[in-house]
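Here is a quick tour of one protein model, written for someone who likes to check the geometry. Have the viewer open and follow along.

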Amino acid sequence: MNEWELEFEAEAPESISSLMHEVVDERMSARMSANQRAAAAWYRANGDRERNHTTGVFLKKARVAGAAPVLGVYVDSHAMVTDFGVNKDIYLARLANIGFKVSGIEFIPSRAGYHAARARHEEPKKLPVELPELSPQELKEAQILVSDLPEPLKSNAFKAVVLSKRREKLETSQNGK
């Protein structure tokens, strides 16, 4: 390497990705509220596990005047409140490492709970599929299967058998059997 290449290599940023984060974060954070910046910092500093169990992030005033704000993190279960609370110092260090200073973190169980966090990470639900109708012969087979059951149970069992047969018929037609 010549002298210019060595000098350029010493001054080059670690990666283009880190440079882009600096530019984009700086421009975007100017337009974000304090709570939005807090959420962005929380998600950036932590991994998938924390992202999957976090339902909201906010800032609140510190108890001591002049101290950095406290980060409030809503999580999806009481178990996560305990689990994340044990690692509070690690989270404070991670946030400080990316330049986001808070005086403390409080983990709070979300009222929306587990389902709110999962909904953000789930695939969209599939539309219901129209099940094929059964032939008279298949309906007769279903009646025979439940014929020995007492009446209150018989009608529910018949419906279940019919739906099962319709689902089986759909799967068979889709698989080309």
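How many aromatic pairs does a search of the whole structure find?

## Aromatic rings

The search turns up seven aromatic pairs. Keep in mind that this is a predicted model. A pair of aromatic rings is described by two things, the distance of the centres and the angle of the planes. Take Phe84 and Tyr91: their ring centres sit 5.6 Å apart and their planes make an angle of 65 degrees, so this pair is edge-to-face, the label for planes over 60 degrees apart.

Both partners are out of the solvent's way, in the sense that Phe84 is buried and Tyr91 is buried too. They also belong to a wider group, since one aromatic cluster is formed by Trp42, Phe84, Tyr91 and Phe107. Trp42 and Tyr91 will come up again below, at a helix contact.

## The overall layout

Zooming out, the protein has nine helices and three strands. Along the sequence, they come in the order α-α-α-α-β-β-α-α-β-α-α-α.

The chain has 177 residues, and 22% of them count as buried. As for how far contacts reach along the chain, look at those between residues at least 6 apart in sequence: 60% of them join residues at least 24 apart.

## Where α3 meets α6

Which residues make the contact between α3 and α6? Start with the geometry: the axis of α3 (residues 34-45) comes within 9 Å of the axis of α6 (residues 88-97), and the two cross at roughly 105 degrees. That angle falls in the 65 to 115 range, so α3 and α6 are roughly perpendicular to each other. On the α3 side, the contact uses Ala41, Trp42 and Ala45, while α6 brings Tyr91, Arg94 and Leu95. Sorted by class, the contact of α3 with α6 has five nonpolar residues, no polar ones and one charged.

Another residue to click on in helix α3 is Ala39. Its relative accessible area is 16%, under the 20% limit, so Ala39 counts as buried. Ala39 and Val73 are 34 residues apart along the chain, and their C-alpha atoms are separated by 8.7 Å.

## Where α8 meets α9

Now for the pair α8 (residues 136-146) and α9 (residues 151-175): their axes come within 9 Å and cross at roughly 140 degrees. Antiparallel needs an angle over 145, so α8 is oblique to α9. The handedness of the α8 and α9 crossing is right-handed.

From α8, the contact takes in Glu138, Leu139, Glu141, Ala142, Gln143, Leu145 and Val146; from α9, it takes in Lys154, Ala157, Phe158, Val161, Val162, Lys165 and Lys169. By class, the residues in this contact of α8 with α9 split into eight nonpolar, one polar and five charged.

## Phe158 and Ser147

Is Phe158 buried, partly exposed or exposed? This residue lies in helix α9. Its relative accessibility comes to 25%, so Phe158 counts as partly exposed. Setting aside neighbours within four places in sequence, Phe158 is in contact with Leu139, Ala142, Gln143 and Val146. Gln143 is 15 residues away from Phe158 along the chain, with 6.5 Å between their C-alpha atoms.

Ser147 is found in the loop between α8 and α9. With 38% relative accessibility, Ser147 is classed as partly exposed. In sequence, Ser147 and Phe158 are eleven residues apart; in space, C-alpha to C-alpha, they are 9.0 Å apart.

## A loop between strands

Last stop: Arg63, which lies in the loop between β1 (54-60) and β2 (70-75). How far apart in space are Arg63 and Ser103, C-alpha to C-alpha? They are 9.3 Å apart, with their positions 40 residues apart in sequence counted as a separation. Arg63 has a relative accessible area of 76%, which is over the 50% limit and therefore makes Arg63 exposed.

Key: Residues are numbered from 1 along each chain as its sequence is written. This is a predicted model: local features need pLDDT of at least 70, side-chain atom pairs count only at pLDDT 80 or more; totals for chains, interfaces and linings use all residues. Side-chain values use heavy atoms; hydrogens and water are left out. Axes are lines fitted to C-alpha atoms, for helices over the stretch in contact, and angles run from 0 to 180 degrees between N-to-C directions. Helices (H or I, at least four residues) and strands (E, at least two) are DSSP runs, numbered from the N terminus. Angles under 35 degrees count as roughly parallel, over 145 as roughly antiparallel, 65 to 115 as roughly perpendicular and the rest as oblique. A crossing is left-handed if the near helix is turned anticlockwise from the far one by less than a right angle, and right-handed if clockwise. Contact means heavy atoms within 4.5 Å. Ala, Val, Leu, Ile, Met, Phe, Trp, Tyr, Cys and Pro count as nonpolar, Asp, Glu, Lys and Arg as charged, and the others, Gly among them, as polar. Rings of Phe, Tyr and Trp (its six-membered ring) pair if their centres lie within 6.5 Å; planes under 30 degrees apart count as stacked, over 60 as edge-to-face and the rest as tilted. Buried means under 20% relative accessible area, exposed over 50%, partly exposed in between (1.4 Å probe, protein chains only).
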